[in-house]
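Subject: Handing over a structure

Dear colleague,

I am passing on to you the structure shown below, together with its sequence. Please look it over first, and then read the notes that follow.

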Amino acid sequence: MEGKKKSLVDAVEKGIDLRKQILELYNDYYHGGPMKLVVIGGESLDVLQHWVVELFSDVRQGSQGKPEFKVEVPVWKAGKLYRLEAVKDVRILELRWALPCLLQAYLKKLEDYLAHLLGHGSQRYTYIKPSD
């Protein structure tokens, strides 16, 4: 059974009402507050505005604040050794960690310095630049 289907089946077996949870997420977070809309078209501004009002007027206004998702952090506790069973017979260790925003220091190319320290993309180490 595929992982996604298994997750759904496991939730149903545990008595979790997925439809109810999806509707709660929709009601709590699907509103115009955090959404942005950009319209580009060859029609006149009046026509584009009419279409936007017609198509999006039913979206609730909602709050302008960002939604908060509460997660116990950190998931991994410092000073503890975790042993995980391998899913496949592959000898790859992938480590990821969050860096502070480097936007203010982009001319210093700090991420390149980090890549050099880790092996500069050799077979042993690969630095993957995060996508924005």
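The chain has four helices and zero strands, and, read from the N terminus, its elements follow the order α-α-α-α. Please bear in mind that this is a predicted model, with a pLDDT that averages 76 over the chain and with 78% of the residues scoring at least 70. Confidence is not even along the chain: it is lowest in helix H4, residues 110-118, where the mean is 72, and highest in H3, where it is 93. As for burial, the chain has 132 residues, of which 6% are buried.

Let me turn to the individual helices, beginning with H2, which covers residues 18-29. H2 consists of 12 residues and spans 16 Å from its first C-alpha to its last, which is close to the 16 Å expected at 1.5 Å a residue. The N-terminal end of H2 is capped by Asp17, which has a side-chain oxygen 3.4 Å from the backbone nitrogen of Arg19.

Helix H3 covers residues 45-56, and it too is described by 12 residues and a reach of 16 Å between its first and last C-alpha, close to the 16 Å expected at 1.5 Å a residue. Is H3 largely buried, or does it lie largely in the open? Buried means under 20% relative accessible area, and of the 12 residues of H3 the number that are buried is one, so this helix lies largely in the open.

Between H2 and H3 there is a loop, and Leu37 lies in it. Leu37 has a relative accessibility of 47%, and therefore counts as partly exposed, since that class takes in values between the 20% limit for buried and the 50% limit for exposed. Although Leu37 and Val52 are 15 residues apart along the chain, their C-alpha atoms are separated by 9.1 Å.

Which residues make up the nonpolar surface patch? The patch, of about 500 Å², is made by Leu37, Val39, Trp51, Leu55 and Phe56. Leu37 thus appears here once more, as a residue of the loop between H2 and H3 that also takes part in this nonpolar patch.

With kind regards

Methods. Residues are numbered from 1 along each chain as its sequence is written. This is a predicted model: local features need pLDDT of at least 70, side-chain atom pairs count only at pLDDT 80 or more; totals for chains, interfaces and linings use all residues. Side-chain values use heavy atoms; hydrogens and water are left out. Patches are made of residues with over 30% relative accessible area and no salt bridge: like charges are joined within 9 Å, nonpolar side chains (Val, Leu, Ile, Met, Phe, Trp, Tyr) within 5 Å. Accessible areas come from the Shrake-Rupley method with a 1.4 Å probe; for residues, only the protein chains shown count as cover. A salt bridge is a side-chain nitrogen of Lys or Arg within 4 Å of a carboxyl oxygen of Asp or Glu. Helices (H or I, at least four residues) and strands (E, at least two) are DSSP runs, numbered from the N terminus. Buried means under 20% relative accessible area, exposed over 50%, partly exposed in between (1.4 Å probe, protein chains only). pLDDT is the predictor's confidence in each residue, from 0 to 100. The expected span of a helix is 1.5 Å times one less than its number of residues. A polar contact is a pair of N or O atoms within 3.5 Å; within protein, one must be able to donate a hydrogen and the other to accept it, and residues adjacent in sequence count only if both atoms are side-chain atoms.
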